[in-house]
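Okay everyone, thanks for coming. Let me put the model up on the screen, and then I'll walk you through a few spots in it.

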Amino acid sequence: MTGAARTRFTRGATAAIPLLFVAIVPLQRGIDRYRASMSAPEELWVGSGTLLKTISMGYDALLADIYWTRAVQYYGAHFETGSSQFKELYPLMSIALTLDPRLTVVPRGGSILLSEPNPIGAGRPDQAVELLQQAIVGKHDDWQLYASLGFVYYWYMKDYGHASQVYLEGSQYPGAPIWMKGMAARIAELGGSRDTSVMVWSQIYQTATEPRARENAKQHLMALHAQADIEELQKIVDNYSGHIPRLTSLRDLVEDRVLPDVPVDPAGYAYVLNSSGVVTVNPASSVRMDILDAGKHDKAAE
Amino acid sequence: MMAGTVAINTFREAVRDRVLYNLIFFALAMMAAAVFVGQITIGIERLVIINLGLTAISLIGTVMAIFIGVGLVYKEMEKRTLYSLLAKPVRRWEFLVGKFAGLVLTLAVNTALMTLGLAAALFYVTRGFSRADTSILVAVYFILLELALVTALALFFSCFPTPMLSTLLTLGLFVAGQFSTALREYGHVAHNRALELLLGAIYYLLPNFHNFNAIGAVAHGDAIPGALILHNTLYAVLYITVVLLGASAIFANMDLK
Amino acid sequence: MVRSLDNLTFQVEEGEVFGFLGPNGAGKTTTLKCVMGLIFPTSGTARVFGRGIDDVQMHQEIGYLPEQPYFYDYLTARELLDYFARFFGYSAAEREDRVAHFLERVQLTRFADVQLRKFSKGMLQRAGIAQAILHEPKVVFLDEPMSGLDPIGRREVRDIILELKEKGRTVFFSTHVLSDAEMLCDRVAVLAGGKLQGIGSPAEIVSIEVHGMEILCDIAAGRQLPAALAAHAVRSGNRYRIQVPEAQLYGVLDQLRDSEARILSVAALRPTLEDYFIQMVEHPKGAPPAAASAGEQP
């Protein structure tokens with residue numbers, strides 16, 4: 001073509017292209033809808049870790065990293081959208097572990113994400129146990145795996161019998177810290193007590209490398225600390241028989257010289273006394289008592 | 001139809017280029033491997049063979065589409081066969097469409113052959129076909145749509161005399177189109193409205209190859225909704241039209257030094 | 001800014017053999033490509049039979065041999081011609097006939113079923129000519145048709161061009177083999193530096209004025225050439241080449257006869273197309289001479 005015909009064609013094509021793109025948008029939307037309704041786990045690409053390992057032709061370590069990264073992204077995406085569905089989280093992690101049994105971040109970091117109840121995690125400590133057991137099969141002398149497993153049994157599943165066993169077993173492997181044996185004994189003895197919990201969470205806080213895991217541990221420690229404070233304060237309030245006929249706030253106790261000052265929680269906020277006479281954490285505080293619900297320990301241990 | 005003439009010739013050329021035979025041989029070898037792998041993993045032979053087989057068909061087809069596609073126009077420009085051709089009563093856009101159709105035809109024939117191999121392997125392992133197996137044909141059809149789209153993109157870049165760059169760009173678009181959902185999800189998660197809008201726009205602009213991935217579903221025996229088949233077909237047709245229009249507009253104005 | 005073609009304007013008449021001459025880089029191939037619609041001129045148009053190159057139907061009437069053609073590696077010569085023939089709407093039987101006929105015409109029948117990647121340059125050139133003329137177009141454009149051919153091949157191409165002319169076809173070919181142009185062309189144009197340097201019949205371009213005569217002779221051993229002549233002679237062994245003004249021709253011949261020289265040839269010295277060509281190329285003119293008829297801007 002020369003001159004006019006060419007220009008006409010070029011102009012026509014250039015005008016048609018954006019119009020066609022506009023038509024594509026609703027099509028794509030439709031496709032997304034239909035694909036969402038299909039149940040197949042497309043996230044996994046290939047659903048079997050062993051198969052993947054066979055065909056990955058030596059790139060297993062790389063694939064393992066990719067799968068772990070995808071697991072974390074999957075977690076992030078679902079966490080942000082407030083979804084309570086973490087269906088593919090365990091499969092992704094399990095595949096990553098199959099591909100590289102020495103990638104310890106997967107069972108250790110992954111077990112927390114799996115165990116934490118909604119909305120923080122998947123709420124599936126049973127899957128965390130499976131994951132850790134899979135890891136132990138691949139690397140049976142890694143004390144950290146036992147520590148993680150013991151923790152899941154202890155905190156999330158309240159299975160003190162298994163927790164104690166696991167801590168004990170892990171304690172005999174090279175590099176295991178001294179406290180593991182002690183922990184095994186304490187748990188067996190006392191079941192779930194607050195002191196044990198504090199000890200366990202402190203260990204996690206000190207040994208965790210992932211910032212989110214550390215933050216999580218810190219939240220738990222603060223909450224446990226606050227819980228202890230509240231119990232003490234509650235005792236004081238309940239047994240108060242001083243001059244003020246009816247306590248409306250903890251300030252009253254200070255005025256009556258029962259307390260030197262209104263105690264503050266680990267975040268620096270003063271505890272408050274609500275209208276029903278129950279001591280609680282200040283609503284403005286960043287200490288979150290609800291995270292203790294997962295690990296509510298009974299004094300009456302089994 | 002002039003484009004048809006160009007298409008048949010493109011098909012003939014591709015078939016005679018011996019590179020193709022090596023690829024088909026490789027694909028058939030994969031099928032044989034699938035049968036052996038099926039022996040290792042008890043109870044999921046069907047799953048494994050379908051997964052492996054369809055993935056092999058898809059990957060090999062994509063490699064062929066990219067590497068042959070990127071040479072479609074470029075080779076004719078470089079070898080100057082284009083000069084004698086365009087002196088004939090054929091328009092430049094007819095030439096492009098013909099090259100596209102010829103390669104898609106080649107890929108279709110190869111895919112059909114490999115699917116036969118897959119069917120044979122499946123039959124060998126499961127001793128019979130079930131109704132669920134018909135969805136495998138749907139998955140193959142989706143793969144064909146995907147290959148046609150890759151071919152269109154490769155053809156577009158083939159108009160430029162930069163074979164290395166063209167290959168990389170086509171490959172890059174293919175990869176981007178596979179992971180475009182992740183890109184959009186990132187936009188949701190990033191708490192930045194402008195970024196979210198931008199990534200959303202990019203999502204619709206990119207050729208979304210993940211639309212055509214039904215391998216997992218089919219391996220698990222799920223049925224594929226007819227509406228999805230229709231949507232995917234329309235999507236492929238529209239997107240391919242866009243790409244071919246763009247290529248035609250550029251090629252029509254190109255000086256063929 | 002470098003212009004590959006500068007204000008090129010000319011017209012080719014129907015039925016003539018038109019030669020397009022110029023050194024490498026003069027713009028001959030560029031001109032042909034502009035006419036073929038392969039590249040687009042910055043300004044101007046090219047028309048064949050009054051129709052622009054974007055008129056695809058007009059392509060039925062033209063044939064084109066590009067410079068140094070390659071073809072599809074994996075097709076045979078027969079398949080190539082058959083492929084190109086399909087664009088003209090012939091029936092299968094017609095195609096078969098035509099392909100056979102033109103393969104014969106370019107002496108490729110023996111290699112009809114050999115893949116083109118095994119062809120020599122000369123064979124490719126012949127295949128190229130075949131594909132340019134197999135639909136018997138009214139106008140044939142040939143870019144360096146003699147290139148890569150041995151003397152036999154070149155004679156065959158010359159014969160083809162003459163045959164086309166006899167059938168009333170128009171042939172436009174570019175070349176830098178000047179003797180061919182002199183022999184075949186009704187008119188030639190000389191291109192240098194993208195500019196038209198001269199256009200007209202070879203005879204018009206080259207003056208017929210005789211500049212002198214040249215005598216070729218052998219002197220027998222032991223004899224000598226007259227001293228006056230020896231000064232104007234070029235010697236090679238016993239052979240002498242003597243240039244003399246036309247008026248003195250017979251006097252010199254007498255002297256040679258007296259010396260018992262053996263006369264081998266007597267020829268007129270005229271500038272050839274080659275001389276003109278070299279002169280034009282070395283001293284390009286600013287504007288083309290007025291020998292061209294009014295035509296459209298290319």
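Let's start with C:Lys33, which sits in helix H1 of chain C, residues 28-36. Helices here are DSSP runs of H or I with at least four residues, strands are runs of E with at least two, and both are numbered from the N terminus. Before going on, a word on the model: it is predicted, so local features need a pLDDT of at least 70 and side-chain atom pairs count only at pLDDT 80 or more, while totals for chains, interfaces and linings use all residues. Residues are numbered from 1 along each chain as its sequence is written, and chains are lettered from A and ligands numbered from 1 in the order in which they are written.

Back to C:Lys33. Is C:Lys33 buried or exposed? C:Lys33 is buried, because 23 other C-beta atoms lie within 10 Å. The cut-offs: buried takes 20 or more other C-beta atoms within 10 Å of the residue's own, exposed takes 12 or fewer, and partly exposed is in between, with C-beta atoms placed from the backbone. Leaving out residues up to four places away in sequence, C:Lys33 touches C:Leu38 and C:Ile39. Touching, or being in contact, means that the C-beta atoms, placed from the backbone, lie within 7 Å. There's also C:Pro66, 33 residues from C:Lys33 in sequence, with 8.7 Å between their C-alpha atoms.

Next, the nonpolar cores. A nonpolar core is a set of buried Ala, Val, Leu, Ile, Met, Phe, Trp, Tyr and Cys residues joined through C-beta atoms within 7 Å. The largest one has 146 residues, and the members touching the most others are C:Leu80, C:Leu81 and C:Ala130. Which helix gives the largest share of this core? That's helix H7 of chain B, residues 134-158, with 17 residues. As for C:Leu80, its contacts, not counting residues up to four places away in sequence, are C:Phe71, C:Tyr72, C:Leu75, C:Leu116, C:Ala127 and C:Gln131. Apart from that core lies another, of 64 residues, which includes A:Tyr75 and A:Tyr154.

That takes us over to chain A. How many helices and strands are there in chain A? Twelve helices and two strands, and along the sequence the helices are written before the two strands, as α-α-α-α-α-α-α-α-α-α-α-α-β-β. Chain A has 302 residues, and 33% of them count as buried. Take contacts in chain A between residues at least 6 apart in sequence: 53% join residues at least 24 apart.

One helix pair in chain A to look at is H5, residues 105-115, and H7, residues 143-156: their axes come within 10 Å and cross at roughly 10 degrees. So H5(A) and H7(A) are roughly parallel to each other. From H5(A), the contact uses A:Pro107, A:Arg108, A:Ser111 and A:Ser115, and from H7(A) it uses A:Gln144, A:Leu145, A:Ser148, A:Val152 and A:Tyr156. On the angles, axes are lines fitted to C-alpha atoms, for helices over the stretch in contact, and angles run from 0 to 180 degrees between N-to-C directions. Under 35 degrees is roughly parallel, over 145 roughly antiparallel, 65 to 115 roughly perpendicular, and the rest oblique.

Now the sheet in chain C. Four strands make an open sheet, in the order S10-S11-S9-S12, with antiparallel pairing. At the edges are S10 (233-236) and S12 (262-268) of chain C, each pairing on one side only. Pairing means that DSSP finds at least two bridges between two strands.

Strand S11 of chain C, residues 239-244, pairs with S10(C) over four bridges and with S9 of chain C, residues 213-218, over six. Opposite C:Val234 stands C:Arg241 of S11(C), and opposite C:Ala233 stands C:Ile242. On the S9 side, C:Asp218 has C:Arg239 as its bridge partner. The hairpin of S10(C) and S11(C) has two residues between the strands, and there C:Gly237 takes a positive phi near 70 degrees.

What is on the covered face of S11(C)? C:Tyr240, C:Ile242 and C:Val244, while C:Arg239, C:Arg241 and C:Gln243 are on the uncovered one. In a regular strand, side chains alternate between the two faces of the sheet.

Last stop, C:Gln243. C:Gln243 is partly exposed, because 14 other C-beta atoms lie within 10 Å. Beyond residues up to four places away in sequence, C:Gln243 touches C:Gly212, C:Glu214, C:His232 and C:Leu269.

Terms used. Two residues are in contact if their C-beta atoms, placed from the backbone, lie within 7 Å.
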